[in-house]
Structure formats: structure tokens, C-alpha cells
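Reader: I'm in my first year and would like a close look at one loop residue in this model. Please start there and then connect it to what surrounds it.

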Amino acid sequence: MIPIARPQMGAEEQELVASALASGMLAQGERVREFEERFAEFVGVPHAVATSSGTTAIHLALLALNIGPGDEVITVAFTFIASVTPILHVGARPVFVDIEPTTYTMDAGQLEAAITERTRAIMPVSLYGQPANMPEILEIAERHGIAVIEDACQAHGALLAGRMSGSWGLGVFSFYPTKNMTSGEGGMVTTSDGKVAETIRLLRQHGMSVRYHHDVLGYNFRMTDIHASIGLAQLTKLPAANKRRRAIAGRYTRELMGVLAPYERPGSEPVYHQYTVRVRERASFMERLEARGVGSSVYYPIPVHRQKPLLALGSASVTLPVTEQLVKEILSLPVHPSLSDDEVAQVVGATNATATELGPWLPE
Ligand SMILES: *Cc1c(COP(=O)(O)O)cnc(C)c1O
């Protein structure tokens, strides 16, 4: 079976982790600092602050912007729930807008109608490694004096108009094992705002600037030097890994038939965290792919506004037609960089054979 994800660990990761262990410095230390510097340089921003996960990175980004009870954050429901749970944990209200039917990212055209006097931030998600429409979202946000947080947890190295994901407004990243790069668990906030970076550093470590002097109510959302060591090795390999993902995606888009291939926003270079197609009779499609030795997955079968914790908070009345239609049709195929050319050919063969049996995807 060709798996939907296959994290790659090599000698570089092992050596850096071994040296971190040998140093005796296991918690947040020099390695974390080095990882932050290298990641900031990679994204092209002055500041990067490492955290324990992507979820805690989002949480700290919201807190650093002083977002809390009574505030609204505009985001999308076509995402992993962790884009939204930190908004709830800081006491703010998520306001959902629908996605573009082409890129599956935030429809900037719906923002003006969703902005109220309580709106404090807009959080688009660069899902599947495809940058959201950051230039337009940033322009609208600036006009209204609202902050922008790009959830780039699936978009390490994605480019739009020559700019990296994470360099527009605040950026938040995840280094969970299946992401384009990993630290085991981990996250990062990227920003050009030195004050925001300082606040996040403070909140990340018990609100403590001088040892055992606590200035504000903080958290322990630190990364360890062990995780940063894995992250440093992975960051070195990221450009080649992304290049391979894009090459595999290019081949799929040329050779797949009977499924709707992903659309690339003009001027963008998506990094294909997922290669997501739309298919007919999805459940049956997945079974037939599996029988042909190809793993596939649905990211994500239930949109966030239909998840129980959100329904409990009154999201039942929210309707997002594009999101709700798409979640029934999407299917992600293996696109990880360790796929061999033979495996890629097997995915193409299995997908095309299945689409021939079940009939082509057609717009409604
Ligand atoms: C993975 C992910 C997160 C959360 O990151 P963790 O490191 O798992 O906490 C948030 N948003 C999106 C879009 C993700 O894919």
C-alpha cells in the first residue's frame, strides 16, 4: 500500500538530535534560537518564535494581538479544527466566510460583508500548500485597521507574487510529522513586528522576561532543543522536498483523467502539502484505490462549523455552500516527496482506472 504520508528521517536529524542529547540542554536553548533564526531567514521576515505546536503558535499570535472576549476573528471552516480552537480558547468568536471554488482558500470577496466593529483579525488558511489570496486580504485588512494571521501550517515555502507564506501579516506554522517539514511536534510564529515577537516570547515562557520575575500571565508553549534539532535538519531539506512534491503534482495534473485536478492561483507556487482532487462517488472511489494499493484520505470530511464544539456554540445557522459541497467530493492522493516514480505511476494508473469505472467528476 502506498501511504498517504511518509515522514522522512535521515542521518542529519539523528546527528543533530544526538548532539542535543549529549549537550544536556534539553529544553528551549541554543538550538531553538538557531532554528528560529534560520526559519525567519527562510521565510524572509525579521522574527520567528518557536512554539510547542502549530496550535499554540496560533494561540500566541492571537494573544499577542490582544484578541479576547468580545472580539471577532474572520476565518474559514474548510480547514483543520486547530485553525479555530485557539480563537475559542482566547474567548473570541470565529466568524466564517466561504472559500473560493477554485483554490479552496478564503474568498476575499466575502470579507467586507463579514467585517464588524468587533473584527480584530482575519485568518486565512493556505490549505494544502496553496497560498490564500494574501495581497487582497491584506489590502482589505489594512483599510479597516485589522490584523492578518496567515495559517501557513500546511504552506512551508509556498510562494505568491514572489513572497513566502508567513511573510504577509503574522504567519503561523506547524511541524507535525506529516507536514512538509517536521520537528516531531512544534510550531512557529513569523512576523515583521518586533513588539509582537517580544510579546509572544514572553507569553511562551510563563510571562517571564527575567528569571522568576513574571510580568504577565503566561504559558509553557516552548519548543525543546531536541525538537529544534529535527527541525533544523528538515529545514535544510525542505526546498528539495517541495520541489519533488511540485514535480509529482505536475505529473498528476498532466496525467490524471476523470477527476478535477487542483487549480494553481496565478503567480503562485503551491507546495502541495496535499494533492487534492474532486471525484465522483468518493467512498467507493477510496475503496477501489485501496484495492489497487493506493492510500487516500479526506482533509477534512466535516467542516469546522459542523463540528460538535462549534455547533454547541451556535454555528448550526451558518451556511457555507462551497465548503459544504466540497467536503463531499474532495480526496487527497499521496504526494509526499519520498514517492518513487513507479509509485507515482501506480497512483496515476489506479486513479484513472477508478475514474473510468465510476465515471468522470462533472460540475453540478
Ligand atoms: C496542522 C495544522 C494546524 C495545527 O498544527 P499542530 O502542530 O498539529 O498543532 C493548524 N492549522 C492547519 C491548517 C494545520 O494543517
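**A loop residue and its surroundings**

Author: Let's start with Asn66, which is exposed, with a relative accessible area of 62%. Here buried means under 20% relative accessible area, exposed means over 50%, and partly exposed is in between, using a 1.4 Å probe and protein chains only. Keep in mind that this is a predicted model, where local features need pLDDT of at least 70, side-chain atom pairs count only at pLDDT 80 or more, and totals for chains, interfaces and linings use all residues. Residues are numbered from 1 along each chain as its sequence is written, and side-chain values use heavy atoms, leaving out hydrogens and water.

What's the phi of Asn66? It is positive, about 65°, although Asn66 is not a glycine. Most residues other than glycine have a negative phi. Asn66 sits in the loop between helix 3 and strand 2. Helices (H or I, at least four residues) and strands (E, at least two) are DSSP runs, numbered from the N terminus.

Tyr104 makes a handy partner for Asn66. Its phi is also positive, near 65°, and Tyr104 isn't a glycine either. But Tyr104 counts as buried, at 5% relative accessibility, and its place is the loop between strand 3 and helix 5 (111-114).

Now to the sheet. It is an open one of seven strands in the order 1-9-8-5-4-2-3, with mixed pairing. Its edges are strand 1 (47-51) and strand 3 (93-97), each pairing on one side only. Neighbouring strands are turned by 25° against each other on average, direction ignored. Two strands pair if DSSP finds at least two bridges between them. Strand 4 (residues 119-123) and strand 5 (residues 147-151) run parallel and are joined by two bridges; Ile122 has Val148 in strand 5 as its bridge partner.

Helix 3 (residues 54-64) packs on this sheet, touching strand 1, strand 2 (72-76), strand 4, strand 5, strand 8 (170-174) and strand 9 (187-191). Its direction makes about 160° with that of strand 8. Axes are lines fitted to C-alpha atoms, for helices over the stretch in contact, and angles run from 0 to 180 degrees between N-to-C directions. Contact means heavy atoms within 4.5 Å. Helix 6 (residues 134-144) packs on the sheet too, touching strand 4 and strand 5, with its direction at about 155° to that of strand 5.

Another spot worth a look is in the loop between helix 9 (282-291) and helix 10 (308-311), where Tyr300 is found. The peptide bond from Tyr299 to Tyr300 is cis, with omega near 5°. Most peptide bonds are trans.

Finally, zoom out. The protein has twelve helices and 14 strands, and its C-alpha trace spans about 65 × 50 × 35 Å along its principal axes. With 364 residues, a compact globule would have a radius of gyration near 21 Å, and the protein agrees with that at 20 Å. That radius is taken over C-alpha atoms, and the globule rule is 2.2 Å times the number of residues to the power 0.38. Buried residues make up 54% of the 364. Among contacts between residues at least 6 apart in sequence, 71% join residues at least 24 apart.
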